[in-house]
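Please open the model in your viewer and keep the selection panel at hand. The tour goes from the parts to the whole.

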Amino acid sequence: MTYETEYPTLTTSPLAIYIHIPFCAKHCAYCDFNTYVEKLQSDLVQNTVLAICHDIRANSNSRPISSIFFGGGTPTFLSGENLELIINTVFDNFDVSRDAEISSEANPGSSDAQKFQKMHSAGFNRLSIGVQSFDDELLVALDRFHTSDEAESALIAARAAGFENLNLDLMFGLPKQNLDHWGATLERAISIGTEHLSLYALTLEPGTRFERLQAGGKLELPEEDIELEMYERCIYQLTHAGYEHYEVSNFAKPGYRSRHNQVYWRNEEYLGFGPGAVSYMDGRRWKRERLPVRYIRKMNLTEDLAVESEALDFDGQLGETMMLGLRLIDGLPLARIRDRFGIEPLVEFAAQIDSLSSNGLLELENDVLKLTHRGLLLANTVLAEFLP
Ligand code: SF4
């Protein structure tokens, strides 16, 4: 196979920044993220904050920054002062666009009005609040340490602090959850009226309490067809309430699609800072040291922080760009693939496109390839077909 360009280059496009805060006040039963339960005042927390700032200073880049996202873990586990210190370090070392989207995940159990005010005045302009459910029994089952009323209070406090762009995370397919529970949670979310909603089906990750319960036959999960009905119900309820379904798991009011996540779905470049953070640039993906204590030590000794590094070949980048781009409900304009990779996707992926289209899972219209409604229900299986 010959290509017009050997490697796609994105070096002139804006860059996104991800910052990983690897601490939580309590561990949730389903979570396998790189996070550790710590005390807020511990030296480890403070030294991690300082190491993240050092990491940011040591890796500045002149490209404009279009979005910054604080994830975790629980970014709001940190004090408002520490969040401000980190964001100011980014401002001082990067060319952050004036209209950049600056988001942070927030946990209702570790957020208050004062912290939100501090974050807003420091420059954060979007919060993503991990509510997960408005059913208190389910919140207990998930090991969340907040109630549904506390979650709603956090959203009210975020508004009062001046945030005009709020996301709410919800989960479905939870133990003993039925369609009525899910419908009620969706109704409450709609009535609160955040600009954005991210809705994820529970997945059982290795090493979690839920996985152990499942292995012991002690986790009563909804059947697969009920879970699919839950997914269809959220599409129905949210689109009827005025949200645009713009990505497999994401809904937004007009004008409020997440800019940062669109960087991932377009397979564009980003830099990650903090323990375990992933970066993707120049066709290479690498992950920083996961354990905070090792991350701090390596940072202090100015050793290389990358513990896993993968050079993606041409086919890998092309396949990932197809797979991620097709997650967007508007579909993937094939011109974008031609421009970036110099290949003809209708030839390169002829077998996959023919087979998935004839099975009613994909459709091609005006040179845009997209999932059908049926394809959406089977998205993970369909999209994996494009990987090498
Ligand atoms: S709060 Fe979030 S990151 Fe922390 S344990 Fe729970 S799900 Fe994981």
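Begin by placing a marker at the C-alpha centre of domain 1 and another at that of domain 2, and you will find the two centres 30 Å apart. To make these selections, take residues 15–265 for domain 1 and residues 329–384 for domain 2, bearing in mind that the model is predicted.

With both domains coloured, select next the residues through which they meet: nine residues of domain 1 are in contact with seven residues of domain 2.

Now switch to a cartoon view of the whole protein, where 16 helices and 17 strands can be followed along the chain. The radius of gyration is 21 Å, close to the 21 Å that the globule rule gives for 388 residues, so the protein is as compact as a globular protein of that length. If you draw a box along the principal axes, the C-alpha atoms fill roughly 60 × 50 × 45 Å.

Which share of the contacts with a separation of 6 or more comes from residues 24 or more positions apart? Such pairs account for 70% of those contacts in the protein.

Turn on the surface next, and colour the residues by burial: of the 388 residues, 53% count as buried, while the protein exposes about 17300 Å², of which carbon and sulfur atoms supply 49%.

As a last stop, select the charged side chains, which comprise 34 positive and 57 negative charges. Marking the mean position of each set shows that the two points are 5 Å apart.

How values were computed:
Residues numbered from 1 in each chain as written. Predicted model: local features only at pLDDT ≥ 70, side-chain atom pairs only at ≥ 80, totals over all residues. Heavy atoms only, no water. Helix = DSSP H or I, 4+ residues; strand = E, 2+ residues; numbered from the N terminus. Rg over C-alpha atoms; globule rule 2.2 N^0.38 Å. Buried < 20%, exposed > 50% of the residue type's maximum accessible area, 1.4 Å probe, protein only. Contact = heavy atoms within 4.5 Å. Areas by Shrake-Rupley, 256 points an atom, 1.4 Å probe, with all protein chains shown as cover. Lys, Arg positive; Asp, Glu negative; His and termini not counted. Charge placed at Lys NZ, Arg CZ, Asp CG, Glu CD. Domains from an automatic or database assignment.
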